[in-house]
Each structure stands twice: as structure tokens, then as C-alpha cells.
Amino acid sequence: MKIYKYIGVALMVLALGACKTDDLERDIDALKDRVTAMEAKVDRLNESMNMIRVALDGNKTIQNYTENEDGSYTLTLSDGNTITLTQGKIGTIDEYQEVSISSNGNWVIGGVETKHHAVAADGEPGVTPQFRLAMESEGKYYWEVSYDGKLTWEEVKNQQGTRVYASASGSSSVAGPIASAVPNATGDKFEITLTGSGTKYEIPIVSGLACAITEPALEDGFWIVPTTNTGATTPIDLKGEAVLISAPEGWTVTASIDNSNPTTLSVTPPNQDGAEGIITLQVNKGVYWAIDQIKVRSKRVITSLKAEYELGDGFYIGDELVSKETYPGGTLIENGGTISKSGVHFIAGGANISISSNLATTEAPLVIVGDDPNNPPTITLGGCFLSSENLLCKNVKLVRTGTYMFNVNNDVNKVIFDQCEIELSGSFGYSTNSYTIVDFQFVNNKVKFTGTAGSLAGGMNFVNFANVKITNANISNNIFYSKSDDTSARGQFFTVKETAIKLENNTFCNYIQNPQGIKAKLTGDWSVRYNIFYSNISVASNNTSYLIWALEGSTFPASNDAFESNVAYNAVEENATVWNVFYFSTSSGTSSEIPDGYDLKSRIPQEEESPLQIVDWENGKFVSSKAGYGATIE
């Protein structure tokens with residue numbers, strides 16, 4: 001609640017005031033008591049609203065109840081949930097919202113009819129308002145209400161359109177939404193009477209009747225069920241005489257009653273991605289029924305990319321569809337095999353293969369795919385890829401101990417690496433030739449620079465194509481990192497003759513872009529943003545990292561957001577890395593078209609706290625804690 005923010009401020013002010021110790025302690029205790037009372041007030045109001053929902057829906061019964069010393073009741077519902085219910089006026093200085101239901105079936109809050117349905121209408125279920133208190137000033141609170149499960153909030157307004165406050169002093173009070181809540185004379189029903197309308201509802205009290213689905217982890221309100229033969233299960237509590245199951249078309253659902261123990265709900269979805277629906281369980285005991293339900297969504301699980309290929313649907317590497325039609329002739333390579341020519345090669349899950357010499361893609365595209373998405377193979381490269389045709393790699397671990405892994409020896413249409421782990425002792429790409437790559441995509445990868453022993457290993461270039469034009473380059477959602485948390489790598493990150501580049505949502509850990517970062521004639525609608533630069537190494541020399549070296553003739557986007565929205569963090573103070581936005585040297589051909597008024601010596605904003613959670617440096621597991629920045633790789 002918003003109240004917590006103000007409570008913290010109030011406590012701080014009290015702590016700093018020139019009061020006697022005893023007075024200060026009494027003031028703090030009084031403030032804590034008021035906070036506790038307000039939290040209880042909000043909880044009681046929302047419990048009442050939840051109970052009204054139960055009464056309106058009529059799909060639950062009460063297993064048992066107890067009466068508490070303060071006159072409230074604790075109810076255990078058939079779905080296993082408990083509600084503590086306080087009736088009538090609550091307290092002597094609390095102003096509550098009068099709640100009723102209009103003749104149109106809408107909620108009426110404080111005498112004002114809302115547009116939100118209390119009961120189901122036009123196939124849409126009714127909503128349950130939830131309330132909270134927000135602080136306007138010390139001791140003055142006003143009501144807010146949510147109609148979407150506490151996702152958004154709005155002020156409660158009276159008939160004059162002004163805020164409705166909860167009184168902090170005085171004796172006036174308004175009854176809560178439930179005027180009375182008591183068991184009937186025979187003890188087989190619980191009677192709920194609303195304050196605003198006097199409407200009475202009866203909820204059956206049925207011992208031994210339960211229908212409760214213990215919710216698994218939900219995603220957007222759905223239970224995500226994999227499309228495997230085993231499907232998924234979740235615990236349930238079914239007690240009664242018989243169970244009826246309602247499931248979406250194509251779903252297989254089983255459940256059974258055990259009046260002594262919890263049982264299991266088993267669910268198998270159809271073999272398609274994104275199939276949605278609602279599973280409903282109904283259990284009866286005599287004439288009474290208890291109901292519970294859960295929303296489900298299927299998630300198609302791919303265990304073999306070659307199988308997807310053979311089925312004809314294919315799959316994507318970057319934005320390129322790989323299927324039998326677009327890239328025919330796919331074969332499977334088992335553990336211990338090799339690749340000696342172009343073609344479409346699937347490598348068995350977990351396999352180890354080696355390529356002993358340079359592999360040229362001259363006569364046909366080269367497509368290398370790890371067959372099992374959850375168990376990538378490892379390829380040890382004794383040479384490099386020499387590309388003049390499309391080069392596509394997906395879901396493989398590539399280990400190169402030589403000086404570079406990729407060379408261009410002709411014009412190439414597409415070079416795409418997607419979901420790969422790459423271990424380099426030198427560069428990823430190197431070429432002195434003057435060719436063109438039309439489309440370069442490097443997405444969802446991890447790149448580990450091993451280098452040599454020492455605190456700073458030089459020559460760790462990513463791409464050094466000084467004479468190559470890359471028409472469009474997309475380098476997004478990757479992690480670039482040094483081999484350990486006590487070493488650092490530096491090198492030219494992306495040197496090309498000319499490019500329209502998109503460098504977004506990447507994470508750089510102990511990788512210094514020195515002597516330059518992106519060095520190119522920048523064209524088109526390029527962007528360098530939402531990247532995280534992290535270092536925990538103290539480096540005495542070559543510790544300045546440059547993000548952009550814009551060569552003569554470069555053009556700049558209309559908005560500086562295209563290259564200003566990046567963040568950096570140094571975990572050390574001594575000899576910390578300097579994170580610059582631009583490399584500037586007129587003698588080196590730096591563009592004269594950098595926007596006027598932009599400080600060429602400006603630095604990437606440095607965070608006060610680390611924007612990364614280091615999970616496993618050795619395996620490149622870094623989790624961004626700054627929303628919208630850095631890579632997201634599972």
C-alpha cells in the first residue's frame with residue numbers, strides 16, 4: 001500500500017526530532033499501533049468483499065466455521081480457503097464504504113453506481129472490488145479501489161465527485177458492507193445480509209464437501225501445461241460423493257475423490273501451442289455442489305529440431321525459416337562425427353564433434369543446428385568458417401582456440417548465429433577483404449573470451465572487418481564476458497566499413513571495448529541502447545571503453561535516445577573502467593556530423609548499484625536487475 005511509504009517518512013521524522021527518549025518511543029509505538037489498525041481495517045473490508053463474491057457466485061459451500069471471541073467468524077470454504085468475517089460496524093472511528101448492488105447488477109460504492117458488474121453478465125464473470133488506504137497527509141487517509149485484482153487503482157469518489165476519506169478521529173462510523181453474518185437456527189446454512197440493500201444470501205454448511213485445486217505457478221493467470229505425453233499434475237482436495245469434470249476440447253483431464261487424503265489432477269493438452277481453456281471440477285454431497293476451476297494454456301515442447309524440420313513446419317534461426325523447402329537435404333551427425341562440406345547438419349544432443357580445418361561454404365549454404373534444444377552439442381573448430389554462401393548456426397556450443405572463427409571470402413547474403421555458446425581465444429570474425437554481408441544477425445548468444453592469463457587480455461575482438469560493408473547488423477540479447485570474474489578482456493568490438501547497426505539489450509561483463517567499440521560509417525536507422533556494461537576489475541592501463549566511433553559520412557538518428565540509453569557499473573573504485581559514449585579524434589576521420597550540442601566526452605551513465613545479479617560467471621549466467629536493460633537468456 002502507498003501508506004507504507006509515508007509511514008517510513010513519519011518514522012524518520014520522529015527519530016530525528018529533539019524529543020525525550022520516552023516520548024519518542026511512545027510516539028513511535030502510537031504510530032505503529034495506528035498503522036496496524038489501518039492494515040487490519042483494510043484486511044477486514046477486503047475479506048468482506050471476498051465473502052460477498054462467494055455468496056454471489058454460489059459455487060462454494062462452507063466446510064466448517066468457528067466463532068471468535070470478538071464476535072467474528074472464521075469460515076473454511078469448500079475450496080480450502082479461509083475467510084475471517086466481521087459483521088456490522090467495525091470500530092468506533094472507522095469510516096467504511098457502504099457497498100451494495102444495483103438493480104442492473106453493478107457494484108454501488110458509497111452510493112455511486114460503478115460500471116463494474118457484481119454478477120456475471122454477457123458471459124463475463126463478476127468482479128470483486130478490493131480496497132486500500134492511501135495517505136494524503138499525516139493522519140489523513142483516503143480510500144482507493146481496484147477492480148482488476150489489484151493491478152490498477154482509482155480513488156473512491158462520493159456523489160459529489162470528491163475523495164472519500166477514512167476518519168482518523170471522532171465517533172462517526174459507517175457499517176461495513178456486510179450488515180450481519182450468522183449461521184441459521186438449524187446450523188446448516190450461513191446467512192449473509194448486505195448493508196446497502198438488505199439483500200440476504202444463504203451459503204450451505206456441508207461438512208465433508210470439498211473441491212479445491214491447489215494452484216501451481218501461474219503465468220498471466222494461466223497454468224502452463226507442456227504438450228508432452230505426461231502433461232502435468234497438481235494436488236487437489238476432493239471430498240464428497242461424485243466428481244464431474246469439464247475440460248476444453250482436446251484436453252484429457254482425470255481426477256478422483258479420496259475422502260481421507262488429497263489427490264491429484266492430471267492434465268494432458270492437445271499437441272498444439274497456445275490452446276487455452278478452463279478446467280472445472282464439481283463435487284456433490286447430496287443436493288449440494290462445490291465447484292473450483294483453473295485456466296490452462298498449452299505450451300508446445302520441442303524435443304527435436306530435426307523432427308520439426310522433417311514435419312515440414314521447420315523452425316527459425318534468427319528471422320530465417322529453416323525447412324525442407326528453404327534448406328533441403330538435412331542429415332543427422334552423431335557423437336564423434338565431423339562436418340566437411342556445406343549443407344544442413346543436425347547434431348545429436350550432447351554430442352562432441354570436431355572440424356579439423358577451414359570449412360568453406362562456397363557451393364551451398366552451411367546450416368549447423370543442435371538437434372535437442374535442451375542439450376546442445378559441442379563443436380571444436382581447428383579452422384574457421386570461410387563464407388561466400390549463407391552461414392546459419394543455432395543451439396550449438398562452438399569452441400575455437402585459433403585466432404578467429406569466421407572469415408568472409410565473397411559477398412554473403414545472410415550470416416546468423418542464434419542461441420549459441422561461443423568460446424573464443426581470439427576474434428569471432430576477421431577479414432581484410434572488401435566484400436558485403438547483406439544481413440548479419442547475432443542474437444540470443446553467449447560469448448566467452450578466454451584469452452591468456454592475466455588481469456587484462458588484449459586482442460579479444462568480436463568482429464574486425466575493416467573493409468567489409470554489412471548492410472544491416474542486428475546484435476541483440478547477447479552476453480559477452482571474460483572467462484572468469486578475476487580477468488578482463490579488451491578488443492575491438494565491431495569494426496566494419498559501413499553499417500546500419502542495432503546493438504540492443506546486450507550484457508557486457510569484464511569486456512572493455514578498447515581501442516574502439518563500434519567503428520564504422522553509421523547509416524540508416526541505427527541504434528545502440530539498453531545495454532549493460534559491467535566491470536569488477538581494477539585495470540591500470542587501457543581501461544577506457546569506447547562505445548561508438550562514427551566514421552566520416554555517418555548519419556545520426558533524430559533522437560539521442562538511439563545511443564544514450566545505456567548503463568554502466570564499476571564494482572571497484574581504484575583503476576575503474578571509464579565508460580565513454582564516443583571515441584573522438586579528428587585526425588582519425590571521426591564524423592563531423594555528430595549532433596550539435598552533444599558532449600563528445602560524455603560517459604555512459606553509471607549506476608549506483610549493480611544492474612546485474614551474478615548467478616554463474618563460468619557459464620555466463622547474468623540476470624539483469626534493471627528492467628528493460630541487458631540480455632535475457634534462460
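**Reading strands, salt bridges and turns**

Tutor: Let us begin with one pair of residues: Leu503 stands opposite Val528, a residue of strand E47. Please keep in mind throughout that we are reading a predicted model.

Student: Which strand is joined to E47, and by how many bridges?

Tutor: Strand E43 is joined to E47, which covers residues 527–529, by 3 bridges, and the two run parallel. E43 also pairs with strand E46 (residues 518–522), again in the parallel sense, over 4 bridges, and there you can find Thr495 opposite Lys519 of E46. With strand E40 (residues 463–476), E43 forms a parallel pairing over 10 bridges, in which Asn474 faces Lys502 of E43.

Student: Why is strand E43 described as largely enclosed by the rest of the structure?

Tutor: The general idea is to ask how much of each residue remains accessible, and a residue counts as buried under 20% relative accessible area. In strand E43, which spans residues 494–504, 9 of the 11 residues are buried, so the strand is largely enclosed by the rest of the structure.

Student: How should I read a salt bridge, and how many does a search of the whole structure find?

Tutor: The general idea is that side chains of opposite charge can pair when their charged atoms come close. In this structure, the search finds 17 salt bridges. One of them is formed by Glu202 and Lys189, whose closest N and O atoms are 3.4 Å apart. Glu202 belongs to strand E13 (residues 200–204) and Lys189 to strand E12 (residues 189–194), so this pair ties together parts that are 13 residues apart in sequence.

Student: Are Glu202 and Lys189 buried, partly exposed or exposed?

Tutor: Glu202 is partly exposed, with a relative accessibility of 45%, and Lys189 is also partly exposed, at 25%. For a contrasting case, turn to Lys394 and Asp418, which form a salt bridge with their closest N and O atoms 3.3 Å apart. Lys394 sits in strand E31 (residues 391–394) and Asp418 in strand E34 (residues 412–418), so the pair ties together parts that are 24 residues apart in sequence. Here both Lys394 and Asp418 are buried.

Student: Which residues are linked in a network of salt bridges?

Tutor: Glu136, Glu155 and Arg163 are linked in such a network.

Student: What does Asn570 touch, and is Asn570 buried or exposed?

Tutor: When reading a single residue, it helps to go from its place to its surroundings. Asn570 is part of strand E50, which covers residues 567–570, and it is buried because its relative accessible area is 9%, where the limit for that word is under 20%. Leaving aside residues up to four places away in sequence, Asn570 touches Ser535, Ala576, Thr577, Trp579 and Gln606. A polar atom of the Asn570 side chain lies 2.8 Å from the backbone oxygen of Thr577.

Student: Which residue in the loop between E50 and strand E51 has a positive phi?

Tutor: That residue is Asn575, found in the loop between E50 and strand E51 (578–582); its phi is near 50°, a positive value in a residue other than glycine. Asn575 is partly exposed, with a relative accessible area of 33%. Tyr530, in the loop between E47 and strand E48 (532–535), likewise is not a glycine and has a positive phi, of about 65°.

Student: Where is the cis peptide bond?

Tutor: The cis peptide bond joins Asn514 and Pro515, with omega about 10°, and Pro515 lies in the loop between strand E45 (511–513) and E46.

Conventions: Residues are numbered from 1 along each chain as its sequence is written. This is a predicted model: local features need pLDDT of at least 70, side-chain atom pairs count only at pLDDT 80 or more; totals for chains, interfaces and linings use all residues. Side-chain values use heavy atoms; hydrogens and water are left out. Buried means under 20% relative accessible area, exposed over 50%, partly exposed in between (1.4 Å probe, protein chains only). A polar contact is a pair of N or O atoms within 3.5 Å; within protein, one must be able to donate a hydrogen and the other to accept it, and residues adjacent in sequence count only if both atoms are side-chain atoms. Contact means heavy atoms within 4.5 Å. A salt bridge is a side-chain nitrogen of Lys or Arg within 4 Å of a carboxyl oxygen of Asp or Glu. Two strands pair if DSSP finds at least two bridges between them.
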